[in-house]
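Biologist: I'd love a close look at one part of this protein, taken slowly and residue by residue. Could you start from a single spot and then work outwards to the rest of the chain?

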Amino acid sequence: HSRRWGAHLMRMGTPRSMQWSWRGGKHDMGAVIQLKAVREASKVAKAVLEHTFHSILVGENATNFALGLGFKKQELASDRSTAIWRAWKNAKCQPNFWRNVVDSTVKCGPYQQTSNEDYNPRRDEDYNPRRDEDYNPRRDEDYKPWSDE
């Protein structure tokens, strides 16, 4: 949802957008990240692809680029996204994606890092939540990544 207007707000309640655009055969890419005040992020990403030698514009650079090309400055937060953010904030910012910091499960930040001695990603069961030990396409006998078959 972070690529549409009215999507979720950042931690401090500020709306931002991101979008990317690809051109297949040439592997060209244009992207905007942390774009603010412009609802048409996909069109801005396409403009990055077509009108610059850059691949990615971020933050104020993305916003200034968009406004400089004549994209309209608009509010990104909707009533719905603001209500969702307020409910999250009132629930002490839970759930959140902080780890290895003090008190991240009981309050909103600012947080303090736990000592480096306590942090070992190899011991941390939540280190990679997408890890699936049983799935590896390269183990599949039929897996041929560059085959013409």
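**A close look around Ala 66**

Modeller: Happily! Setting aside residues within four places in sequence, Ala 66 is in contact with Leu 35, Val 38, Val 44 and Phe 71. Please keep in mind as we go that this is a predicted model. Ala 66 sits in helix α2, which covers residues 60-68. The relative accessible area of Ala 66 is 0%, so this residue counts as buried; the cut-off for that word is under 20%. There is also a link in space to an earlier stretch of the chain: Lys 36 is 30 residues away from Ala 66 in sequence, while their C-alpha atoms are 9.6 Å apart.

Keep Lys 36 in view, since the next residue meets it too. Thr 63 is also found in helix α2. With a relative accessible area of 4%, Thr 63 is buried. Its side chain reaches the backbone nitrogen of Lys 36, at 3.1 Å. If residues up to four places away in sequence are not counted, Thr 63 touches Gln 34, Leu 35 and Lys 36. Leu 35 is therefore a good residue to click on in the viewer: Thr 63 touches it, and Leu 35 is one of the contacts of Ala 66, the buried residue we began with.

Another threonine is worth a visit. Thr 52 lies in the loop between α1 (41-51) and β3 (56-58). How far is the side chain of Thr 52 from the backbone oxygen of Val 48? The distance is 2.7 Å. A polar atom of the Thr 52 side chain also lies 3.1 Å from the backbone nitrogen of His 54. Looking beyond residues up to four places away in sequence, Thr 52 touches Ala 47 and Phe 65. So we have two threonine side chains to compare on screen: the one of Thr 52 pairs with the backbone oxygen of Val 48, and the one of Thr 63 with the backbone nitrogen of Lys 36.

Now let us move outwards, to the segment after α3. The structure holds one disulfide, formed by Cys 93 and Cys 108, with their sulfur atoms 1.8 Å apart. This pair links distant parts of the chain: Cys 93 and Cys 108 are each in the segment after α3 (79-90), 15 residues apart. The torsion about the S-S bond of Cys 93 and Cys 108 is about 95 degrees, and the disulfide is right-handed because of that value. Cys 93 is buried, and Cys 108 is buried as well.

A few backbone details in this region deserve a moment with the viewer. The peptide bond from Gln 94 to Pro 95 is cis, with omega near -5 degrees, and Pro 95 is in the segment after α3. Another cis peptide bond runs from Gly 109 to Pro 110, with omega near 5 degrees; Pro 110 is placed in the segment after α3 too.

Two residues here have a positive phi without being glycines. For Asn 100, phi is near 60 degrees, and this residue is found in the segment after α3. Its relative accessibility is 27%, so Asn 100 counts as partly exposed. For Asp 103, phi is about 65 degrees; this residue also has its place in the segment after α3. Asp 103 has a relative accessible area of 37%, which means that it is partly exposed.

Finally, let us step back to the whole chain. There are three helices and three strands, and from the N terminus on they run β-β-α-β-α-α. The chain has 149 residues, of which 28% count as buried. Taking contacts between residues at least 6 apart in sequence, 45% join residues at least 24 apart. As for the surface, the chain exposes about 11,700 Å², and carbon and sulfur atoms supply 49% of that. If you go back to the start now, you will find Ala 66 in helix α2, in contact with residues that include Val 44 and Phe 71.

Note on methods. Residues numbered from 1 in each chain as written. Predicted model: local features only at pLDDT ≥ 70, side-chain atom pairs only at ≥ 80, totals over all residues. Heavy atoms only, no water. Helix = DSSP H or I, 4+ residues; strand = E, 2+ residues; numbered from the N terminus. Buried < 20%, exposed > 50% of the residue type's maximum accessible area, 1.4 Å probe, protein only. Contact = heavy atoms within 4.5 Å. Polar contact = N/O pair within 3.5 Å; in protein donor to acceptor, adjacent residues only side chain to side chain. Disulfide = S-S within 2.5 Å. Areas by Shrake-Rupley, 256 points an atom, 1.4 Å probe, with all protein chains shown as cover.
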